[in-house]
Amino acid sequence: MADIAKLVEELSKLTVMEAAELATALEEEWGVSAAAAVAVAGPAAGGAAEAAEEKDEFDVILTGDGGKKIQVIKEVRAITGLGLTEAKALVEGAPKAVKEGVNKAEAEEVKGKIEAAGGTVELK
């Protein structure tokens, strides 16, 4: 049991990006998804009310540039493939969608990249 507690402690130190990479690696290794584990754990943890369907498509919404507009524009360009003018318009027009209809892992990855550049992001 002490080994499990140590593992949980180590996992709690992961960044969002590292946790997303870990989830992807576990899904590939064992052929399971994190969504299935949540669905199984949901009813056991709190009944049918908490077992609501987990959303599988997300919109990544840029809510602000955090005062680091240039860095956020660069990151938005890298993520979306937009030109400079379009990326600048997207950042300046926040709140705006950067990516729409993406899976949770990709949404978390995009969110992490934009937040690392200084922007603020919301997943819907």
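The points below describe the fold, the sheet and the helix packing of a predicted model.

1. Overall make-up. The protein chain contains six helices and three strands. Followed along the sequence, these elements come in the pattern α-α-α-β-α-α-β-α-β. Of the 124 residues in the protein chain, 19% are buried. Contacts in the protein chain between residues at least 6 apart in sequence include many across longer separations: 67% of them join residues at least 24 apart.

2. The sheet. The three strands form an open sheet in the order β2-β1-β3, with antiparallel pairing. Its edge strands are β2, residues 96–102, and β3, residues 120–123, and each of these pairs on one side only. On average, neighbouring strands of the sheet are turned by 20° against each other, with direction ignored.

3. The pairing of β1 with β3. Strand β1 covers residues 58–64 and pairs with β3 in the antiparallel sense over four bridges. In this part of the sheet, Gly64 stands opposite Thr120 in β3.

4. Helix α6 and the sheet. Helix α6, residues 104–117, lies across β1, β2 and β3. Relative to β2, helix α6 runs at about 155°. Helix α6 also packs with α2 and with α4, as the next two points set out.

5. Helices α2 and α6. Helix α2 spans residues 16–30 and packs with α6 at an angle of about 155°, the axes being 9 Å apart. The two helices are therefore roughly antiparallel to each other, and their crossing is left-handed. On the α2 side the contact involves Val16, Met17, Ala20 and Thr24, which meet Ala105, Glu108, Glu109, Gly112 and Lys113 in α6. By class, the residues of this contact of α2 with α6 are four nonpolar, two polar and three charged.

6. Helices α4 and α6. Helix α4 also packs with α6 at an angle of about 155°, here with the axes 8 Å apart. An angle over 145 degrees counts as roughly antiparallel, so α4 is roughly antiparallel to α6. Helix α4 passes α6 in a right-handed crossing. Gln71, Val72, Glu75 and Ile79 of α4 make the contact with Val110, Lys113, Ile114 and Ala117 of α6. The residues of the contact of α4 with α6 comprise five nonpolar, one polar and two charged. Lys113 of α6 is listed here and also in the contact with α2.

7. Helices α4 and α5. Helix α4, residues 69–80, packs with helix α5, residues 84–92, at an angle of about 120°, and their axes are 9 Å apart. That angle makes α4 oblique to α5. The crossing in which α4 passes α5 is right-handed. In α4, the residues Lys69, Val72, Ile73, Val76 and Arg77 meet Leu84, Ala87, Lys88, Leu90, Val91 and Glu92 in α5. This contact of α4 with α5 has seven nonpolar, no polar and four charged residues. Val72 of α4 appears in this contact and in the contact with α6.

8. Leu11. This residue is found in helix α1, which covers residues 2–11. Is Leu11 buried or partly exposed? Its relative accessible area is 39%, and the range from 20% to 50% counts as partly exposed, so Leu11 is partly exposed. Along the chain Leu11 and Leu22 are 11 residues apart, and their C-alpha atoms are separated by 9.6 Å.

Key. Residues are numbered from 1 along each chain as its sequence is written. This is a predicted model: local features need pLDDT of at least 70, side-chain atom pairs count only at pLDDT 80 or more; totals for chains, interfaces and linings use all residues. Side-chain values use heavy atoms; hydrogens and water are left out. Axes are lines fitted to C-alpha atoms, for helices over the stretch in contact, and angles run from 0 to 180 degrees between N-to-C directions. Angles under 35 degrees count as roughly parallel, over 145 as roughly antiparallel, 65 to 115 as roughly perpendicular and the rest as oblique. A crossing is left-handed if the near helix is turned anticlockwise from the far one by less than a right angle, and right-handed if clockwise. Contact means heavy atoms within 4.5 Å. Ala, Val, Leu, Ile, Met, Phe, Trp, Tyr, Cys and Pro count as nonpolar, Asp, Glu, Lys and Arg as charged, and the others, Gly among them, as polar. Two strands pair if DSSP finds at least two bridges between them. Buried means under 20% relative accessible area, exposed over 50%, partly exposed in between (1.4 Å probe, protein chains only).
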